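Here are a few short exercises to work through with the model open beside you. Try each task before reading its solution.

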Amino acid sequence: MDPTTDNAGNTGDPGDVRASLEALRAEIAKAVVGQDPAVTGLVVALLCRGHVLLEGVPGVAKTLLVRALASALELDTKRVQFTPDLMPSDITGSLVYDTRTAEFSFQPGPVFTNLLLADEINRTPPKTQSSLLEAMEERQVTVDGTPRPLPEPFLVTATQNPVEYEGTYPLPEAQLDRFLLKLTIPLPSRQDEIDVLTRHAEGFNPRDLRAAGVRPVAGPADLEAARASVAKTTISPEITAYVVDICRATRESPSLTLGVSPRGATALLATSRAWAWLTGRDYVIPDDVKALALPTLRHRVQLRPEAEMEGITADSVINAILAHVPVPR
């Protein structure tokens, strides 16, 4: 193999790398039906080195989606079921006493992986939820005063159920702000649901993705090359100002008690840039910002109680802001 060619057969050319990442959709579609927006969101998060909060009712293939992505990217993945009795050390790892050497050795937890699926993250107490904060922000875990770096790439994909709140611990705003995107996983359309049932009737086994034909179409080297290309995508001063105006408008909205922070504005600029690159451009346009505004901002705002009672949602507030903020020409 040519040393300039990675394990997916790419030469590092931006067009080849982009084609490989676009091929993820077709590969994941072999296992998951009708979730293209979520797949795209996960790829954007990987390009931005961010994390994703997946929200959807049980049974809409959130776990399968992450497993299929890991398989198509040839990345290691681990799943942790968050429960009320889960301890921080169950995630990060702990020191274990070795009777043979009479010394303590570090036993890594499941967070030491490429794609960590934190299933039903809001079912565990805040102390355990917060154990992920250092990993998500610093990409390391500190145990007994020693920082230990996490693998690269590293992505936390957390899920939560939007309709069942009994026995849950809502994520605080500080932790929600650590997630780059919040993606909603809808129920499938009638035809998509028919396709799902047809696949199962024909013998599809969600626990055996290899048998379903899911193969690696990209890898860590592709992600690194893609990130380098994304970093070269041009952002004009007018687009930067447009992002700032949108975020500032959320802070002035009468329907919100909490608007988007400067970190959120930075996140929207980054996701818009990644989306522009994925669509084949080396510059960002206002439509890129609009396309990523909802998933990037919806979890960074907080509704007033009276607005919630009137049926107003975070998405409707952001859409109204997008409709009123002047678009640069």
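**Exercise 1.** In which loop is the place of Pro153?

Solution. This is a predicted model, so keep that in mind throughout. Start by finding strands β7 (146–149) and β8 (155–160); the loop between them holds Pro153. Next, look at the peptide bond that leads from Glu152 into Pro153: it is cis, with omega near 0°.

**Exercise 2.** Find where Arg49 and Arg139 lie, and decide for each whether the residue is buried, partly exposed or exposed.

Solution. Begin with Arg49, in the loop that runs between α2 (36–48) and β1 (52–55). Its phi is positive, about 55°, although Arg49 is not a glycine. The relative accessible area of Arg49 is 38%, and because partly exposed covers the range between 20% and 50%, Arg49 is partly exposed.

Now move to Arg139, in the loop between α6 (131–138) and β6 (140–143). Arg139 is not a glycine either, and has a positive phi near 55°. With a relative accessible area of 13%, Arg139 falls under the 20% limit and is therefore buried.

**Exercise 3.** Compare the span of helix α3 with the expected one, then work out how covered the helix is.

Solution. Helix α3 takes in residues 62–73, 12 in number. From first C-alpha to last it reaches 17 Å, close to the 16 Å expected at 1.5 Å a residue. As for cover, 10 of the 12 residues are buried, so α3 is mostly covered. Among the buried ones are Leu65, Ala68, Leu69 and Ala72. Just beyond the end of α3, Glu74 has a positive phi of about 55°.

**Exercise 4.** Which members of the largest nonpolar core touch the most other members?

Solution. The core has 70 residues, and the ones to pick out are Leu21, Leu24, Ile28 and Leu47. Take Ile28 as the example: beyond its neighbours within four places in sequence, Ile28 is in contact with Val39, Leu65, Ala68, Leu69 and Ala72. A separate, second core has 23 residues, including Phe82, Ile91, Leu150 and Phe154. As background, nonpolar side chains in soluble globular proteins tend to be buried together.

**Exercise 5.** Which residues form a nonpolar patch on the surface?

Solution. The patch consists of Leu95, Tyr97 and Phe104, whose accessible area together is about 320 Å². To place Tyr97, look in strand β3 (residues 93–98). Tyr97 counts as partly exposed because its relative accessibility is 45%.

Methods:
Residues numbered from 1 in each chain as written. Predicted model: local features only at pLDDT ≥ 70, side-chain atom pairs only at ≥ 80, totals over all residues. Heavy atoms only, no water. Core = buried A, V, L, I, M, F, W, Y, C linked by side-chain atoms within 4.5 Å. Buried < 20%, exposed > 50% of the residue type's maximum accessible area, 1.4 Å probe, protein only. Contact = heavy atoms within 4.5 Å. Patch = residues over 30% accessible without salt bridge, like charges linked within 9 Å, V, L, I, M, F, W, Y side chains within 5 Å. Areas by Shrake-Rupley, 256 points an atom, 1.4 Å probe, with all protein chains shown as cover. Salt bridge = Lys/Arg side-chain N within 4 Å of Asp/Glu carboxyl O. Helix = DSSP H or I, 4+ residues; strand = E, 2+ residues; numbered from the N terminus. Expected span 1.5 Å × (residues − 1).
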